Amino acid sequence: MKNLVTRTVTGILFIVVVVWCIINNPVSLWALSSVITGVALFEFYKIIFEGKLPAVQYAAHIAAGIYVTTVLWLFAFNPLNAEWSVALSLSPYIIYVCLLFISGLYSRSQSPFADNAKVLAGHMYIAVPCGLLSYIAAYPGLSFIMPYAPYILLAFFILIWIYDTGAYVTGSTLGKHKLFVRISPKKSWEGVFGGMFFSLAASVGIYYWYGAMGYRVLSLGEWLGLALIVTIAATFGDLTESLLKRNYGVKDSGKILPGHGGMMDRFDSIFIAAPAAFIYITLIEIM
C-alpha cells in the first residue's frame with residue numbers, strides 16, 4: 001500500500017512538472033530536455049559501462065550530450081540560417097568527437113573503439129531525441145519573436161501517457177497473447193491494441209479540444225496519424241530499453257523517481273517516439 005501511494009504521488013508530481021515545463025516557455029522546455037538528457041545519459045553509461053567509467057569521463061560525455069540537446073533546441077526556436085552559424089554551433093561537438101577517438105590511443109581499455117561507440121550511441125539514443133522535442137514544440141516553425149504555442153508537444157506526451165495507461169489496464173485484464181516474451185514477458189498484444197485504441201480516441205478529443213481554442217494546425221486524420229505513429233514508436237522505445245536492461249541484468253535504470261525507477265524507465269518511449277513524431281510532422285509541414 002505504501003509503495004502504491006509513493007508511486008501515485010510521484011507520478012502526479014512528475015506529470016505536473018513535465019506539463020508545466022512544456023507550456024511555460026522555451027527556456028523551461030530546454031531545462032526539461034536537458035535534465036532528461038543528463039540523468040538518462042548517466043543511467044545509460046552506468047549500465048553499459050557497468051559502473052566502471054571514471055567520474056571525469058561521465059561528466060564529459062554527459063556534458064557533450066546536453067550540448068547536442070541544446071544545439072537542437074537553438075536551431076528549433078531561433079533558426080541559424082547562415083552556414084557559418086551552423087558550423088560554429090556544431091564545432092565544439094565535432095572537436096569533442098575527434099578528441100574522443102584520439103583519446104583511444106592512450107586508453108588502457110582493451111576495446112577503445114567499442115567504448116567510443118557506446119558513448120556516441122548514448123548521444124544518438126538519448127540526446128538527439130530529447131533535442132527533437134523542441135522541434136515538435138516549435139511546429140510549424142515558431143521562433144522567439146512569435147508566441148510560444150507547444151500544443152503538438154503537449155499532445156505528444158498526452159498520447160503516450162494515455163497509451164501506456166490503456167496498455168497496462170487492457171493487458172493486465174485481457175492479455176493472453178505475449179508480445180515479446182524474450183524481452184518483456186508481461187507485455188501482450190491485447191495491451192498494445194488496447195492502448196492504441198485509447199490513444200486514437202484521445203487524439204480525436206485533442207482535435208476538438210484544440211479546435212475549440214482556435215488551434216487547428218492538424219486535421220482530424222493527421223491527429224489520428226500522429227497517435228498511430230506515436231503509439232507504435234513508443235512500443236518499440238519501451239522494448240528497446242527492456243532489451244538494454246535485460247542484456248545487462250538490470251531491473252531498473254535508476255532510482256531517481258520513487259516507485260517508478262530511473263529517468264530512462266519513465267522516458268524510454270520518447271527515445272523512439274520523438275524522432276518518429278518529428279519526421280511525421282515535418283512531412284506534414286512540407287507537403
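These are my notebook entries on what I looked up in this predicted model.

**Entry 1: the core**

I began with the nonpolar cores, and I noted that the largest has 78 residues, with Tyr45, Phe156 and Phe157 making the most contacts inside it. Helix α6, which covers residues 151–174, gives the most to this core, namely eleven residues. I then looked up what Tyr45 touches once residues up to four places away in sequence are set aside, and I found Glu50, Leu53, Tyr58, His61 and Ile62, together with Lys118, Val119, Gly122 and His123.

**Entry 2: Ser34**

I turned next to Ser34, which has its place in helix α2, a helix of residues 26–48. Its relative accessible area is 9%, and because buried means under 20%, I wrote Ser34 down as buried. Leaving out residues up to four places away in sequence, I found Ser34 touching Ile66, Thr69 and Thr70. I also looked up Tyr67, which is 33 residues from Ser34 in sequence, while the C-alpha atoms of the two are 8.5 Å apart in space.

**Entry 3: salt bridges**

Side chains of opposite charge can pair when their charged atoms come close. I looked for such pairs, and the count of salt bridges came to three.

One of them joins the side chains of Asp238 and Lys187, with 3.0 Å from N to O. This pair links distant parts of the chain, since Asp238 lies in helix α8 (residues 220–247) and Lys187 in strand β2 (residues 184–188), 51 residues apart. For Lys187 I noted a relative accessible area of 25%, so this residue is partly exposed.

Another salt bridge runs between Glu241 and Lys245, whose closest N and O atoms are 3.7 Å apart. Both residues belong to helix α8, where they stand four residues apart, about one turn of the helix. I found both Glu241 and Lys245 to be buried.

The side chain of Lys245 also meets that of Asp265 in a salt bridge, at 2.9 Å from N to O. Asp265 lies in helix α9 (residues 263–267) and Lys245 in helix α8, so this pair ties together parts that are 20 residues apart in sequence. Are Asp265 and Lys245 buried or exposed? Asp265 counts as buried because its relative accessibility is 7%, and Lys245 counts as buried because its value is 12%. I closed the entry by noting that salt bridges with shared partners join Glu241, Lys245 and Asp265 into one network.

**Entry 4: Ile272**

I then moved on to Ile272, which sits in helix α10, made of residues 270–286. With a relative accessible area of 29%, Ile272 falls between the limits of 20% and 50%, and therefore I recorded this residue as partly exposed. Apart from neighbours within four places in sequence, Ile272 is in contact with Ala233, Phe236, Gly237 and Thr240. I also checked Ile272 against Tyr125, and I found their C-alpha atoms separated by 8.1 Å although the two are 147 residues apart along the chain.

**Entry 5: a patch on the surface**

Last, I looked at the surface, where Ile95, Leu99, Ile102, Leu105 and Tyr106 form a nonpolar patch with about 610 Å² of accessible area together. I picked out Leu99, which lies in helix α4, the helix of residues 83–103. The relative accessibility of Leu99 is 51%, and since exposed means over 50%, I entered Leu99 as exposed.

Notes. Residues numbered from 1 in each chain as written. Predicted model: local features only at pLDDT ≥ 70, side-chain atom pairs only at ≥ 80, totals over all residues. Heavy atoms only, no water. Patch = residues over 30% accessible without salt bridge, like charges linked within 9 Å, V, L, I, M, F, W, Y side chains within 5 Å. Areas by Shrake-Rupley, 256 points an atom, 1.4 Å probe, with all protein chains shown as cover. Salt bridge = Lys/Arg side-chain N within 4 Å of Asp/Glu carboxyl O. Helix = DSSP H or I, 4+ residues; strand = E, 2+ residues; numbered from the N terminus. Buried < 20%, exposed > 50% of the residue type's maximum accessible area, 1.4 Å probe, protein only. Contact = heavy atoms within 4.5 Å. Core = buried A, V, L, I, M, F, W, Y, C linked by side-chain atoms within 4.5 Å.
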